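Please study the sequence and the three-dimensional model shown below before attempting the exercises. Each task is followed by a worked solution.

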Amino acid sequence: MTQKITLLVGSPRKNKSCNFLVEKAIEGIKSISSEFEINKIFVGDYKISPCTGCNKCLREPYECPLAESDDTNKLEKEILDSDAIIIASPSYFGSVSSQLKVIIDRSRPWKMNNYKLKDIIFAPMVAIGTRNDAAGGVISDLINFAIIQGMIVIGALGNPVLDQNIPVTSLQKYTRKEFLRKNEADELAGIIASNLGKRVAEMVTLLKN
Ligand SMILES: Cc1cc2nc3c(=O)[nH]c(=O)nc-3n(C[C@H](O)[C@H](O)[C@H](O)COP(=O)(O)O)c2cc1C
């Protein structure tokens, strides 16, 4: 059976830094095999309402009343049968984007209904503006989501001395006022994102066959 890898562009902006990371991860996945089903999702395409805390999802049938009037069912169809999920989030004040936060909160029924995301491989990626932003807040938001949902969290494995394990792309270059120009890419973050795609593809092959 074809294995499905879902990648979420977690920014409302479709063709910017989060999309760059996702495209690089897809390159990495394809370098392992062309057989994977690659499912790219823009969170901005889904209208998901914020959780109201009604707690209806705690009890059978573990459904959210808001799902009747938003895109939750459409999102479920895209996500729940994935073998791996990669999320690229921008840093918004050191946390995930509001679109992603709403999706994370509204994923609670999936947990309550016997961990529907259990054993799906998960990997985080982050886009920041200024180079010294605390990307760790975004990373921990994403990893917490994955762990609470029973997913298997992995990172990139590249050169152990030169390459980090979680892709973080920054718009700011080396000095305070030096930023990436239009059509210029953060090459190192691209390498790490591609390594992440490879690692996810390898782990999907290893664990899901
Ligand atoms: C509401 C908002 C808050 C932001 N907060 C931060 C921040 O705290 N630190 C930072 O480095 N960048 C911050 N940024 C910049 C984004 O993280 C950065 O532009 C990133 O590349 C956005 O991803 P995108 O290009 O895929 O949209 C913020 C942007 C917005 C719109």
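The exercises below proceed from the whole chain to single residues.

This is a predicted model, in which local features need pLDDT of at least 70, side-chain atom pairs count only at pLDDT 80 or more, and totals for chains, interfaces and linings use all residues. Residues are numbered from 1 along each chain as its sequence is written.

**Exercise 1. The overall fold**

Task: State how many helices and strands the protein has, and give their pattern along the sequence.

Solution. Step 1: Helices (H or I, at least four residues) and strands (E, at least two) are DSSP runs, numbered from the N terminus. Step 2: By this rule the protein has six helices and six strands. Step 3: Along the sequence they follow the pattern β-α-β-α-β-α-α-β-α-β-β-α.

**Exercise 2. Overall dimensions**

Task: Compare the radius of gyration of the protein with that of a compact globule.

Solution. Step 1: The radius of gyration is taken over C-alpha atoms, and the globule rule is 2.2 Å times the number of residues to the power 0.38. Step 2: For 209 residues the rule gives a value near 17 Å; the protein has 17 Å, and therefore the two agree. Step 3: Along the principal axes, the C-alpha atoms fill a box of roughly 55 × 40 × 25 Å. Step 4: Two residues are in contact if their C-beta atoms, placed from the backbone, lie within 7 Å. Among contacts with a separation of 6 or more, 80% join residues 24 or more positions apart.

**Exercise 3. The nonpolar core**

Task: Identify the residues that touch the most other members of the largest nonpolar core, and the elements that supply at least two residues each.

Solution. Step 1: A residue is buried if 20 or more other C-beta atoms lie within 10 Å of its own, exposed if 12 or fewer, and partly exposed in between, with C-beta atoms placed from the backbone. Buried residues make up 39% of the 209 residues. Step 2: A nonpolar core is a set of buried Ala, Val, Leu, Ile, Met, Phe, Trp, Tyr and Cys residues joined through C-beta atoms within 7 Å. Step 3: The largest such core has 51 residues, of which Leu21, Ala25, Ile86, Ala88, Met125, Leu196 and Val200 touch the most other members. Step 4: At least two residues of this core come from each of β1 (4–9), α1, α2, β3, α3, β4, α5 and α6 (187–208). Step 5: Leaving out residues up to four places away in sequence, Ala88 touches Leu8, Val9, Gly10, Cys18, Leu21, Val22, Met125 and Ala127. In soluble globular proteins, nonpolar side chains tend to be buried together.

**Exercise 4. The two sides of a helix**

Task: Determine how the buried residues of α2 are arranged about its axis.

Solution. Step 1: The buried residues of α2 are Thr72, Leu75 and Ile79. Step 2: Viewed down the axis, they fall within an arc of 60 degrees (the arc of the directions from the helix axis to the C-beta atoms), so they line one face of the helix. Step 3: The face turned away from this buried side carries the exposed residues Asn73 and Lys77. Step 4: The buried residues of α2 pack against β1, β3 and α3.

**Exercise 5. The ligand and Ser11**

Task: Describe the shell around the ligand, then the surroundings of Ser11.

Solution. Step 1: A residue is near the ligand if its C-beta atom, placed from the backbone, lies within 6 Å of it. Step 2: The shell has 16 residues, and the closest are Ser11, Lys16, Pro90, Gly129 and Asp133. Step 3: Two or more residues come from each of α1 (17–32) and β4 (121–128). Step 4: Ser11 lies in the loop between β1 and α1. Ser11 is buried because 24 other C-beta atoms lie within 10 Å. Step 5: Apart from residues up to four places away in sequence, Ser11 touches Lys16, Cys18, Pro90, Ser97 and Ala127.

**Exercise 6. Backbone features in a loop**

Task: Locate Asn55 and Pro61, and describe the backbone at each.

Solution. Step 1: Asn55 is found in the loop between β2 and α2, and its phi is near 65 degrees, a positive value in a residue other than glycine. Asn55 is exposed, with 10 other C-beta atoms within 10 Å. Step 2: Pro61 lies in the loop between β2 (37–42) and α2. The peptide bond from Glu60 to Pro61 is cis, with omega near 5 degrees.
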